[in-house]
Amino acid sequence: MTLQFGITRETKCGYLPDRNERLLVAITDEQPPMSVALYQHLLTHGFRRSHNEVYRPYCALCQACQSLRVLANEFKPSKNQLRVINKNSDLQRTIVTKPGSDYDALFCDFIEQRHKDGGMYPPDAKAFWHWCHCDWMTTRYVEWRDADNKLVMVSVIDTVPDALSAMYTFFAPDQHKRSLGTFSILQLIELCQQQNKPFLYLGYQIDDCDKMNYKARFTPNERLIGNQWKKAVKSHTL
């Protein structure tokens, strides 16, 4: 497989409004256009996936986006994180390979209530599932349901031999007391531990973007800085 790279045109950044962004896109000359093994290699170099497209930020004057991965085998939850786990002990976790019939309503409600200022508003469930789907890798959906079998949260993940990669999580907006965003990451770390996968990739950490900088709270983690993974071990209070 021959791997080449293309650079997109500059567009307005979706995270830092005073800046522009451009992407470095991985391109192959074969079908399927990628493989799980190659994607794992590219993850270690800061790439992510959108449908079949594999990319990383390649901005001319900005390096704010730093790929972040949690060191799952070294992770131990803090007291606050343990409280979050206990608050959600009633939820049942299941992993499936197709979106459930009740996913659309929860996704749309989440975007409507929590992300009216984001790029996914107004919500388009069909476009979202297309974005999640991949022709060369099986997308997995981790769902959590309460005792009445009501869907409470869904995390979309990719699975490679040495890692899980979190793509997107949405949850019931009226369940804010559960701290579901934090709980989802704790659960994905647990899945990594159970599957003997050393890394959980959480996408890009952007310190200047309040909606993105929560990822650094899960330590120990590593950030990709200057093409080298640098470890952070400081504990953060949730």
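**Exercise 1. Identify the residues with the most contacts inside the largest nonpolar core, and locate the elements that supply this core.**

Solution. In this predicted model, the largest nonpolar core comprises 42 residues. Those with the most contacts inside it are Val70, Phe128, Trp129, Phe170, Ile189 and Leu200. Next, consider the elements: two or more residues of this core come from each of β7 (66-71), α3 (103-114), α4 (125-132), β9 (140-145), β10 (151-160), β11 (163-171), α5 (180-194) and β12 (199-205). Helix α5 gives the largest share, eight residues.

**Exercise 2. Determine which residues Val70 touches, leaving out those up to four places away in sequence.**

Solution. With that exclusion, Val70 touches Phe75, Ile189, Pro198, Phe199, Leu200, Leu202, Phe218, Pro220 and Asn221. Of these partners, Ile189 and Leu200 are also listed among the residues with the most contacts inside the largest core. Apart from the largest core lies another, of 17 residues, including Leu38, Phe47, Trp136 and Val160.

**Exercise 3. Establish how many disulfides the model contains, and explain the result for Cys132.**

Solution. The criterion is a pair of cysteine sulfur atoms within 2.5 Å. For Cys132, the closest cysteine sulfur belongs to Cys134 and lies 11 Å away, so the separation is too far for a bond. For Cys192, the nearest cysteine sulfur is that of Cys132, at 18 Å, and Cys192 is in no disulfide. Under the criterion, the count is zero disulfides.

**Exercise 4. Decide whether Cys132 and Cys192 are buried or exposed.**

Solution. Cys132 has a relative accessible area of 0% and is therefore buried. Cys192 likewise has a relative accessible area of 0%, so Cys192 is buried.

Technical notes
Residues numbered from 1 in each chain as written. Predicted model: local features only at pLDDT ≥ 70, side-chain atom pairs only at ≥ 80, totals over all residues. Heavy atoms only, no water. Buried < 20%, exposed > 50% of the residue type's maximum accessible area, 1.4 Å probe, protein only. Core = buried A, V, L, I, M, F, W, Y, C linked by side-chain atoms within 4.5 Å. Helix = DSSP H or I, 4+ residues; strand = E, 2+ residues; numbered from the N terminus. Contact = heavy atoms within 4.5 Å.
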